[in-house]
Amino acid sequence: MSEYIKLESDKISEGVKTIMDLGGHGLLRCVQCGACSAVCPGVKAGFPVLCRMLIKKILDGQLEEIIEDSSSWGCQACNRCTEVCPQGVRPQEVVFAFRRYQANDLAFSTSAITSQMNLHAYGHAVFTDARELRAKVGLPPEAPTSAYNEKAQKEIQTLLDNSPMGELGIF
Ligand code: SF4
Ligand code: SF4
């Protein structure tokens with residue numbers, strides 16, 4: 001049986017408020033049913049602190065215990081959790097709010113840094129050079145994306161260079 005966490009409005013912790021302010025607005029509606037975890041590819045891939053478990057840890061006030069956990073960076077933003085949640089929690093938004101919380105504390109996983117570097121170099125967090133394959137199937141080799149558009153790429157780099165990530169000096 002799932003654990004049900006109910007917080008009185010005057011007992012909401014600073015941590016919960018912080019995650020809600022960072023975008024996890026539906027947090028308090030969670031009834032810990034686990035439907036989101038059951039369909040989450042990140043959970044299936046072995047990232048334990050996503051969906052139901054992430055929300056439980058936040059509501060339990062265990063933010064500091066999980067701040068270094070890399071699970072949130074395993075979220076694929078597929079929104080399956082959002083589709084199945086009976087409470088309208090929008091768990092993916094909670095996951096991204098938690099990522100922002102981690103980023104504010106500079107708690108990045110290696111995989112997150114790699115994807116940020118790809119974003120800076122190509123405009124895509126995950127990038128594969130598909131020119132050969134595209135040419136083989138009769139498409140123009142260069143896809144119409146920032147990866148092959150110098151102006152767009154420069155704009156992305158300007159944004160990233162002037163973000164808190166840029167201040168870390170990883171680009
Ligand atoms: S959006 Fe993220 S947390 Fe939600 S099901 Fe997809 S991978 Fe899991
Ligand atoms: S599906 Fe919704 S209510 Fe159920 S555990 Fe996930 S977030 Fe909570």
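**Entry 1: ground rules**

I call a residue partly exposed when its relative accessible area falls between the buried class, under 20%, and the exposed class, over 50%. With those cut-offs, N79 at 24% relative accessible area goes down as partly exposed. I also note up front that this is a predicted model.

**Entry 2: the overall fold**

I looked up the secondary structure next. The protein has 11 helices and zero strands. Read from the N terminus, the elements run α-α-α-α-α-α-α-α-α-α-α. I then checked burial, and buried residues account for 36% of the 171 residues. For contacts between residues at least 6 apart in sequence, I get 60% joining residues at least 24 apart. The exposed area of the protein comes to about 10100 Å², with carbon and sulfur atoms supplying 53% of it.

**Entry 3: ligand 1**

Which residues surround ligand 1? I listed C40, P41, C51, C75, Q76, A77, C78, N79, C81, Q92 and V95. Sorted by class, that shell has eight nonpolar residues, three polar ones and no charged ones.

N79 is in this shell, so I went back to it, because its 24% relative accessible area makes it partly exposed. N79 lies in the loop between helix 5 (63-66) and helix 6 (80-84). Its phi is near 65°, a positive value in a residue other than glycine.

**Entry 4: another positive phi**

I found a positive phi at R90 as well, near 60°, and R90 is not a glycine either. R90 is placed in the loop between helix 6 and helix 7 (91-104). I have R90 at 40% relative accessibility, which means it counts as partly exposed.

**Entry 5: ligand 2**

How many residues surround ligand 2? I have 14, and the closest are C30, C33, G34, C36 and C85. Two helices caught my eye here: helix 2 (35-39) and helix 4 (51-59) each supply at least two residues of the shell. The class split for ligand 2 is 10 nonpolar, three polar and one charged.

**Entry 6: salt bridges**

I have six salt bridges in the structure, and I went through some of them.

The side chains of D60 and K56 pair up at 2.8 Å, N to O. Is K56 buried or exposed? K56 counts as buried, because its relative accessibility is 15%. D60, on the other side of the pair, is at 35% and so counts as partly exposed.

E155 and K151 form a salt bridge too, with the closest N and O atoms 3.2 Å apart. Both residues sit in helix 10, four residues apart, about one turn of the helix. I put K151 down as exposed because its relative accessible area is 59%. E155 has 45%, so I put it down as partly exposed.

For E142 and R131, the side chains meet in a salt bridge at 3.8 Å, N to O. This pair links distant parts of the chain: R131 is in helix 9 (131-136), while E142 is in the loop between helix 9 and helix 10 (150-161), 11 residues apart. E142 has a relative accessible area of 43%, so it is partly exposed. R131 is partly exposed as well, because its value is 33%.

**Entry 7: a surface patch**

I searched the surface for nonpolar patches and noted one made of L133, V137 and L139. Together these residues have about 300 Å² of accessible area. L133 lies in helix 9. I checked L133 on its own, and it is exposed because its relative accessible area is 55%.

**Entry 8: L119**

Last lookup: where does L119 sit? L119 is in helix 8 (residues 110-122). Its relative accessibility is 23%, so it counts as partly exposed. Setting aside neighbours within four places in sequence, I find L119 in contact with H124, A125, Q153, I156 and L160. I also looked up the spacing to L160: the two residues are 41 apart along the chain, and their C-alpha atoms are separated by 8.7 Å.

How values were computed:
Residues are numbered from 1 along each chain as its sequence is written. Chains are lettered from A and ligands numbered from 1 in the order in which they are written. This is a predicted model: local features need pLDDT of at least 70, side-chain atom pairs count only at pLDDT 80 or more; totals for chains, interfaces and linings use all residues. Side-chain values use heavy atoms; hydrogens and water are left out. A residue is near a molecule or strand if one of its heavy atoms lies within 4 Å of it. Ala, Val, Leu, Ile, Met, Phe, Trp, Tyr, Cys and Pro count as nonpolar, Asp, Glu, Lys and Arg as charged, and the others, Gly among them, as polar. Buried means under 20% relative accessible area, exposed over 50%, partly exposed in between (1.4 Å probe, protein chains only). Contact means heavy atoms within 4.5 Å. Accessible areas come from the Shrake-Rupley method with a 1.4 Å probe; for residues, only the protein chains shown count as cover. A salt bridge is a side-chain nitrogen of Lys or Arg within 4 Å of a carboxyl oxygen of Asp or Glu. Patches are made of residues with over 30% relative accessible area and no salt bridge: like charges are joined within 9 Å, nonpolar side chains (Val, Leu, Ile, Met, Phe, Trp, Tyr) within 5 Å.
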